[in-house]
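This briefing concerns the protein shown below. Its overall fold, its nonpolar core and selected residues are taken in turn.

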Amino acid sequence: MSYFNTEFIDFFKQLAQNNTKEWFDEHRKTYQKEVKEPFAALVDEMIKRIKEYEPEIDIKNSEAIFRINNDIRFAKDKALYKTHVGANISKYGRKNKAYPGFYFELSPEQIRLFGGAYMLETAVLKKLREHIAAHARSFT
C-alpha cells in the first residue's frame with residue numbers, strides 16, 4: 001500500500017526553507033492531508049504488524065507519533081518545526097523511550113529505523129549490560 005506521494009517530500013523541503021509559524025499556518029491543510037494523515041495510517045499499520053510479535057503493544061497512533069513542533073527551550077537549533085515525522089512504537093509509545101521499542105523517522109533526505117531503548121537509568125543500564133555479558137552467546 002502506498003502512503004505518501006511527492007507532496008510529502010515537497011512539504012518538508014519547503015518547510016526547511018520557511019520554518020516560521022506564518023508559513024506553517026498557511027500550509028496547515030497540506031500538512032494535514034499530505035503528511036499527518038498518511039503518516040498516521042502508516043503508524044497504524046506498523047502497530048498492527050508489530051503487535052503480532054509483541055502482543056503487549058496496545059497503543060493508538062497518537063500515542064506513538066511525535067509532534068512536529070520542536071521543543072526549542074534548551075535546543076541549539078531554534079527552528080520551530082521538525083523537518084521529519086517520527087514515531088516510537090512500544091508498550092508506552094512516545095511517553096517512555098527507555099522502554100524497548102521501535103522508532104522510525106521519515107524525511108526527504110532519509111528513512112531512519114531504530115530498535116531498543118533510549119537513555120536508560122544507570123541502574124537499569126547496568127542490569128542490561130550484565131544480562132548481555134552473562135548471555136553473550138545468544139547475542140551472536
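What percentage of the 140 residues of the protein count as buried? In this predicted model, the buried share is 27% of the 140 residues. The protein has five helices and three strands, and the order of these elements from the N terminus is α-α-α-α-β-β-β-α.

**Overall dimensions and surface**

- Along the principal axes, the C-alpha atoms fill a box of roughly 55 × 40 × 25 Å.
- The exposed area of the protein is about 10200 Å², and 54% of it is supplied by carbon and sulfur atoms.
- Among contacts with a separation of 6 or more, 46% are accounted for by residues 24 or more positions apart.

**Nonpolar core**

- In soluble globular proteins, nonpolar side chains tend to be buried together.
- The largest nonpolar core of this model comprises 25 residues, of which Phe11, Phe39 and Val43 touch the most other members.
- Two or more residues of this core come from each of α1 (6-17), α2 (21-26), α3 (28-51), β1 (85-90) and β2 (101-106).
- Helix α3 makes the greatest contribution to this core, giving eight residues.

**Val43**

- Val43 belongs to helix α3 and is one of the three residues that touch the most other members of the largest nonpolar core.
- Val43 counts as buried because its relative accessibility is 0%, under the 20% limit for that class.
- Beyond its neighbours within four places in sequence, Val43 has contacts with Asn61, Ala64, Ile65, Ala87, Ile89 and Phe104.
- One of these contact partners, Asn61, is 18 residues from Val43 in sequence, with a C-alpha to C-alpha distance of 5.8 Å.

**Asn88**

- Asn88 is part of strand β1.
- With a relative accessibility of 6%, Asn88 counts as buried.
- The side chain of Asn88 reaches the backbone oxygen of Gly93 at a distance of 2.9 Å.
- Apart from neighbours within four places in sequence, the residues in contact with Asn88 are Ile59, Ala64, Phe66, Gly93, Arg94, Asn96, Lys97, Phe102 and Tyr103.
- Ala64 appears among the contacts of Asn88 and also among those of Val43.

**Asn19**

- Asn19 is located in the loop between α1 and α2.
- A polar atom of the Asn19 side chain lies 2.8 Å from the backbone oxygen of Tyr81.
- When neighbours within four places in sequence are left aside, Asn19 is in contact with Ala79, Leu80, Tyr81 and Thr83.

**Met119**

- Met119 occupies a position in the loop between β3 (111-116) and α5.
- Although Met119 is not a glycine, its phi is positive, at about 55 degrees.
- Met119 counts as exposed because its relative accessibility is 66%, over the 50% limit for that class.

**Nonpolar surface patch**

- Leu128, Ile132 and Phe139 make a nonpolar surface patch of about 270 Å².
- One of these patch residues, Ile132, is found in helix α5, which spans residues 122-134.
- Ile132 has a relative accessibility of 33% and therefore counts as partly exposed, a class that lies between the 20% and 50% limits.

Note on methods:
Residues are numbered from 1 along each chain as its sequence is written. This is a predicted model: local features need pLDDT of at least 70, side-chain atom pairs count only at pLDDT 80 or more; totals for chains, interfaces and linings use all residues. Side-chain values use heavy atoms; hydrogens and water are left out. A nonpolar core is a set of buried Ala, Val, Leu, Ile, Met, Phe, Trp, Tyr and Cys residues joined through side-chain atoms within 4.5 Å. Buried means under 20% relative accessible area, exposed over 50%, partly exposed in between (1.4 Å probe, protein chains only). Helices (H or I, at least four residues) and strands (E, at least two) are DSSP runs, numbered from the N terminus. Contact means heavy atoms within 4.5 Å. Patches are made of residues with over 30% relative accessible area and no salt bridge: like charges are joined within 9 Å, nonpolar side chains (Val, Leu, Ile, Met, Phe, Trp, Tyr) within 5 Å. Accessible areas come from the Shrake-Rupley method with a 1.4 Å probe; for residues, only the protein chains shown count as cover. A salt bridge is a side-chain nitrogen of Lys or Arg within 4 Å of a carboxyl oxygen of Asp or Glu. A polar contact is a pair of N or O atoms within 3.5 Å; within protein, one must be able to donate a hydrogen and the other to accept it, and residues adjacent in sequence count only if both atoms are side-chain atoms.
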